[in-house]
Amino acid sequence: MLTVKVRNDQETEQLANKLGQLLQAGSVLLLEGDLGAGKTTFTKGIAQALGIKRYVKSPTFTLIREYKEGRLPLYHMDVYRLEDGSGDELGLEEYFAGDGVSVVEWPQFIQDLWPTDYLLIKFTKEQQHDDWRSLLFEAHGEKSQQLVAALAQEYHHE
């Protein structure tokens with residue numbers, strides 16, 4: 001586990017950019033946090049690291065946005081609207097096991113579909129400062145543990 005504190009959107013994107021440079025095909029990032037906690041901002045940093053130039057916006061109404069022009073495809077999912085339904089028919093397993101990076105916002109609504117190897121990132125707003133966030137990186141599986149170890153090294157070298 002690794003916890004990193006960020007003070008604004010720029011630092012959130014920079015952190016995500018560092019992680020994005022380490023990602024490989026089949027990486028699955030599950031982003032948990034309240035509305036406005038920085039999940040989509042984080043995804044923008046991932047997209048930058050993958051070389052995606054298109055504007056990244058929340059896929060709240062489309063559920064899945066695909067960005068295929070980068071080093072790896074980015075599959076950005078917002079499954080909040082599945083709160084009272086199931087994600088079975090979306091074929092999420094194919095995305096998770098596919099050729100790209102899957103970033104899932106509100107993953108608690110599809111917990112039964114989580115792969116065995118994933119990186120859970122929990123966003124918590126700091127009480128004293130509106131813009132500050134605490135990001136907890138919780139690795140599940142070997143690939144994700146390697147990601148967190150590499151990211152931790154990046155942060156200890158600064």
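The legends below describe close-up views of a predicted model. Local features need pLDDT of at least 70 and side-chain atom pairs count only at pLDDT 80 or more, while totals for chains, interfaces and linings use all residues. Residues are numbered from 1 along each chain as its sequence is written, and side-chain values use heavy atoms, with hydrogens and water left out.

**View 1. Phe-42 and Phe-137 form a tilted ring pair.** The structure holds 5 aromatic pairs (rings of Phe, Tyr and Trp, the last by its six-membered ring, with centres within 6.5 Å; planes under 30 degrees apart are stacked, over 60 edge-to-face, the rest tilted). The ring centres of Phe-42 and Phe-137 are 6.4 Å apart and the planes lie at 50°, so this pair is tilted. Phe-42 belongs to helix α2 (residues 39-49) and Phe-137 to strand β7 (residues 133-140), 95 residues apart. Helices (H or I, at least four residues) and strands (E, at least two) are DSSP runs, numbered from the N terminus. Both Phe-42 and Phe-137 are buried (under 20% relative accessible area, 1.4 Å probe, protein chains only; exposed is over 50%, partly exposed in between). Phe-123 joins Phe-42 and Phe-137 in one aromatic cluster.

**View 2. Tyr-75 and Tyr-95 pair edge-to-face.** Their ring centres are 4.8 Å apart and their planes are at 65°, so the pair is edge-to-face. Tyr-75 lies in strand β4 (residues 74-78) and Tyr-95 in helix α3 (residues 92-96), 20 residues apart. Tyr-75 and Tyr-95 are both buried.

**View 3. Lys-39 lies over the face of Trp-106.** The distance from the ring centre is 4.4 Å. A charge sits over a ring if NZ of Lys or CZ of Arg is within 6 Å of the ring centre and within 35 degrees of the ring normal.

**View 4. Phe-42 in the largest nonpolar core.** A nonpolar core is a set of buried Ala, Val, Leu, Ile, Met, Phe, Trp, Tyr and Cys residues joined through side-chain atoms within 4.5 Å. The largest has 30 residues, and Leu-19, Phe-42, Ile-46, Leu-74, Ile-121 and Phe-137 have the most contacts inside it. Helix α4 (142-156) supplies the largest share of this core, 4 residues. Leaving out residues up to four places away in sequence, Phe-42 touches (heavy atoms within 4.5 Å) a set of residues including Thr-12, Leu-15, Leu-31 and Leu-135. A second, separate core of 17 residues includes Val-28, Leu-30, Leu-63 and Trp-106.
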